[in-house]
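Reader: I've got a protein model on my screen and I'm not sure where to begin. Can you walk me through some of its side-chain pairs?

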Amino acid sequence: MLTHLAMAASAAFAVIATNLDNLAVMVALLLTSNRPRVLGGYLMAQAIVLGAALAIAEGAEEAMPGWTGYLGLVPLSLGLIGVWRQWRGVGDGDMPVSAGGTLLASTVLFLGLSTDSLAVMAPLLADTVPVLRVTATLGAGLAVLALGLLGLSLARGAEASGGWISKLEKLGPYAMIAVGLYVLANSGTDAI
């Protein structure tokens with residue numbers, strides 16, 4: 001039971017840490033665009049990302065048994081690049097804030113912002129035993145819903161949201177590094 005809770009919490013943390021950019025964009029769009037379309041686009045994009053991560057994890061287990069742990073190099077590398085870019089000040093202020101007014105445009109925007117989530121969740125799920133994959137996916141799904149509700153709450157109280165979201169976004173690369181190292185480590189949740 002404790003293993004399931006820890007796995008769900010790990011996946012939820014990974015989703016939250018890699019979706020802070022989505023949260024910031026979501027709040028901005030909720031303030032200026034059609035709320036159901038923005039929220040629907042966010043939820044659809046996250047469902048696609050989690051589904052793709054699960055499909056990649058299942059395929060990786062079949063295609064390269066014994067090697068799935070090395071998928072941890074993907075989020076580890078991306079996280080290290082992200083930290084390096086933060087230290088160098090590269091990419092500050094390049095967050096898109098316009099997605100048009102359609103559900104499709106919102107979904108595509110959030111998919112573009114979610115490549116880091118896919119890069120973290122696919123190796124995490126691939127390196128996890130199948131029964132814990134379900135638990136991790138449920139934890140990640142709950143985190144997605146919580147972020148959607150938080151986005152709505154922040155949009156309703158826009159003056160309270162301030163600039164703290166962009167500061168939290170800087171945690172994303174560190175979460176990617178942590179997940180990459182976890183996947184590379186031989187832990188009790190590993191599939192092989």
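**Pairs between helices**

Author: Sure! Keep in mind that this is a predicted model. The structure holds 1 salt bridge.

Reader: Which residue forms a salt bridge with Arg133?

Author: A salt bridge needs a side-chain nitrogen of Lys or Arg within 4 Å of a carboxyl oxygen of Asp or Glu. Here the closest N and O atoms are 2.9 Å apart, and the partner of Arg133 is Glu58.

Reader: How many residues apart in sequence are the parts that this pair ties together?

Author: Look at where each partner sits. Arg133 belongs to helix α7, which covers residues 130-156. Glu58 lies in helix α3 and Arg133 in helix α7, so the parts they tie together are apart in sequence by 75 residues.

Reader: Is Arg133 buried or exposed?

Author: The cut-off for buried is under 20% relative accessible area. Glu58 has 37%, so that one is partly exposed. Arg133 has a relative accessibility of just 1%, so it counts as buried.

Reader: What about rings: how is the aromatic pair of Tyr42 and Phe110 arranged?

Author: The structure holds 1 aromatic pair. Tyr42 and Phe110 are 5.6 Å apart, centre to centre, with 80° between the planes. Planes over 60 degrees apart get a particular label, so this pair is edge-to-face.

Reader: Which helices do Tyr42 and Phe110 lie in?

Author: Both rings are tucked away: Tyr42 counts as buried at 0% relative accessibility, and Phe110 counts as buried at 0% too. Their pair ties together parts that are 68 residues apart in sequence, because Tyr42 lies in helix α3 (residues 35-63) and Phe110 in helix α5 (residues 103-113).

Notes. Residues numbered from 1 in each chain as written. Predicted model: local features only at pLDDT ≥ 70, side-chain atom pairs only at ≥ 80, totals over all residues. Heavy atoms only, no water. Helix = DSSP H or I, 4+ residues; strand = E, 2+ residues; numbered from the N terminus. Buried < 20%, exposed > 50% of the residue type's maximum accessible area, 1.4 Å probe, protein only. Phe/Tyr/Trp six-rings, centres within 6.5 Å; stacked < 30°, edge-to-face > 60°.
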